[in-house]
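Let's take a friendly tour of the empty spaces in this protein, and then of one pair of packed helices. Have your viewer ready.

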Amino acid sequence: MRYKIAFFGMVFCTLFLFLPPSLESGTLTSVFRVTDQPAAIVRGTSGSALTVNISFGDVEVENWIKELQAPYPLLMVDMDWTDRFPETVRQINEKNIPVGLLGDSGTAYEESPELLASQLKRFEKTFGVKPLWFRTIDERFPQSLQKQLWEAEVNALGSSFIWTGGAVPPPKEGEIISVPHHRHERVKLDTLDPLYKGRTFLPMEDVLFGTTVKTKKIPE
């Protein structure tokens with residue numbers, strides 16, 4: 001019996017020593033699915049997370065990114081915008097700022113089921129990895145889109161509220177704040193200070209990975 005235990009112990013140690021890097025724990029935690037069924041995430045459990053939707057702007061965005069300090073907000077970027085401004089994308093990558101995919105309106109994915117796959121492919125070509133986060137520009141997630149995202153292992157990310165300037169609501173635990181920066185609906189990126197008053201923004205993972213994650217199911 002002792003010989004069997006010693007034998008299996010040696011086998012276990014050998015396997016552990018020669019495991020390929022792709023199976024190490026650091027890699028396993030780099031890809032995750034937050035929910036256990038198709039759903040749009042709208043709130044975490046603790047702290048506050050800031051997300052900025054970007055589909056417009058060059059110099060303003062570039063200067064803002066230069067000044068950003070960690071912990072960084074999550075940038076939800078439109079792929080047409082990334083194609084227009086590769087130098088800004090390079091700065092995002094160099095600073096290791098977290099990025100998600102900003103898509104079209106929710107109905108666009110019902111009308112064109114192939115749209116999501118093409119956008120995911122473009123994102124992976126630009127950033128070298130598949131996005132962990134996806135948001136439609138209107139934060140509407142039809143059931144068919146939720147199913148596509150679930151099968152692609154990409155998280156549908158809504159928000160607790162959208163800030164377009166003006167008064168800021170009191171902080172709430174687990175809140176996910178969305179700020180638009182588009183051609184026709186744009187918050188100037190150098191005017192975000194009111195959001196920081198009374199809040200300490202945390203990385204998205206820290207806000208989400210508590211005891212529970214609040215989600216919103218979209219009825220069929």
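## The enclosed cavity

Lining the largest cavity are Arg33, Thr35, Gln37, Pro38, Ala39, Ile41, Gln146, Leu149, Trp150, Val154, Asn155 and Ala156. Two elements, helix H8 (143-152) and strand S6 (155-157), each give two or more residues to this lining. H8 provides the largest share, with three residues.

Please keep in mind that the model is a predicted one. It has one cavity of 30 Å³ or more, and the space in the largest cavity comes to about 80 Å³. Sorted by class, the cavity lining holds seven nonpolar, four polar and one charged residues.

## The largest pocket

Now for the open spaces. How much space lies in the largest pocket? The value is about 590 Å³. Its lining is made up of 26 residues, and those nearest the centre of the pocket are Ile97, Pro98, Val99, Leu132 and Glu205.

Several elements take part in this lining: strand S2 (48-54), H5, helix H7 (115-127) and helix H10 (204-208) supply at least two residues each. If you are thinking about the chemistry of the lining of the largest pocket, it divides into 20 nonpolar, three polar and three charged residues.

## The second largest pocket

The second largest pocket holds about 180 Å³ of space. Among the residues that line this pocket are Trp64, Leu68, Gln69 and Pro71, along with a group later in the chain that includes Leu189, Asp190, Thr191, Leu192 and Asp193. Tyr196, Arg199 and Phe201 also belong to the lining of the second largest pocket.

By class, the lining of this second pocket has seven nonpolar residues, two polar ones and three charged ones.

## Helices H3 and H5

A packed pair of helices closes the tour. Two packed helices are described by the angle between their axes and by the distance between those axes. For helix H3 (residues 59-67) and helix H5 (residues 86-94), the angle is about 15 degrees and the axes lie 10 Å apart. Because angles under 35 degrees count as roughly parallel, H3 is roughly parallel to H5. The crossing of the two helices, H3 and H5, is left-handed.

Which residues in H3 meet which in H5? On the H3 side they are Val61, Glu62, Ile65 and Lys66, and on the H5 side Glu87, Thr88, Gln91 and Ile92. The contact of H3 with H5 has three nonpolar, two polar and three charged residues.

Terms used. Residues numbered from 1 in each chain as written. Predicted model: local features only at pLDDT ≥ 70, side-chain atom pairs only at ≥ 80, totals over all residues. Heavy atoms only, no water. Axes fitted to C-alpha atoms, helices over the stretch in contact; angles between N-to-C directions. Helix = DSSP H or I, 4+ residues; strand = E, 2+ residues; numbered from the N terminus. Parallel < 35°, antiparallel > 145°, perpendicular 65-115°, else oblique. Left-handed = near helix turned anticlockwise from the far one by under 90°. Contact = heavy atoms within 4.5 Å. Nonpolar A, V, L, I, M, F, W, Y, C, P; charged D, E, K, R; others polar. 1 Å grid on protein atoms, 1.4 Å probe; cavity = no way out; pocket = protein on both sides within 12 Å on 5 of 7 lines; lining within 4 Å. Points joined across faces, edges and corners; volume = space filled by probe spheres on them.
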